[in-house]
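User: Please examine the structure shown below and answer some questions on its helices, cysteines and surface.

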Amino acid sequence: MYQQQEAVFVSLFGEVTEAKSLLEQVALVCQGRRDMYEMCLGAMKEYVEEDLKRGLGKDPALSLSGRPMDDPLEVIMYLTS
C-alpha cells in the first residue's frame, strides 16, 4: 500500500511541476495579449481545480473519454498555437 501511495504522490508532483512550467510558458506567449492571457489563466485555474485537486477521485475512463473542448489543457494548446 505504501508503494501505491508513493506512486500517486510522485505522479502528482510530476503533474504540478508540468503545470508550473506550462504557466511560465503561458505568461511568455500571452505577453501583451490581455484577452488571450485571461482565457489561458482561466483554463489553468480550471485545470488545477478540476484535474489536480479533485481528479484523484475520478474514474480515469471518464476523464479520458471526455471531449477535447472540455479539457482545459486542450483549450490552452488551442489558444497558444
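The questions and answers below concern a predicted model.

User: In which helix is Leu41 placed, and is Leu41 buried or partly exposed?

Analyst: Leu41 lies within residues 34–53, the range of helix α2. Its relative accessible area is 32%, and buried would require under 20% while exposed would require over 50%. The helix is therefore α2, and Leu41 is partly exposed.

User: Which residues form a nonpolar patch on the surface with Leu41, and what is their accessible area together?

Analyst: Leu41 is joined in this patch by Leu23 and Tyr37. Together, the three residues have an accessible area of about 220 Å².

User: What distance does α2 reach from its first C-alpha to its last?

Analyst: The helix has 20 residues, and at 1.5 Å a residue the expected value is 28 Å. The model comes close to that value, reaching 27 Å.

User: Which elements are included in what covers the buried residues of α2?

Analyst: The buried residues of α2 are Met36, Cys40, Ala43, Met44, Tyr47 and Leu52. What covers them includes α1 (2–29) and α4 (72–80).

User: Why is Cys40 in no disulfide with Cys30, and how many disulfides are counted?

Analyst: A disulfide needs cysteine sulfur atoms within 2.5 Å. The closest cysteine sulfur to that of Cys40 belongs to Cys30 and is 3.8 Å away, which is too far for a bond. Cys30 is buried at 2% relative accessible area, and Cys40 is buried at 0%. The count of disulfides is zero.

Technical notes. Residues numbered from 1 in each chain as written. Predicted model: local features only at pLDDT ≥ 70, side-chain atom pairs only at ≥ 80, totals over all residues. Heavy atoms only, no water. Patch = residues over 30% accessible without salt bridge, like charges linked within 9 Å, V, L, I, M, F, W, Y side chains within 5 Å. Areas by Shrake-Rupley, 256 points an atom, 1.4 Å probe, with all protein chains shown as cover. Salt bridge = Lys/Arg side-chain N within 4 Å of Asp/Glu carboxyl O. Helix = DSSP H or I, 4+ residues; strand = E, 2+ residues; numbered from the N terminus. Buried < 20%, exposed > 50% of the residue type's maximum accessible area, 1.4 Å probe, protein only. Expected span 1.5 Å × (residues − 1). Contact = heavy atoms within 4.5 Å.
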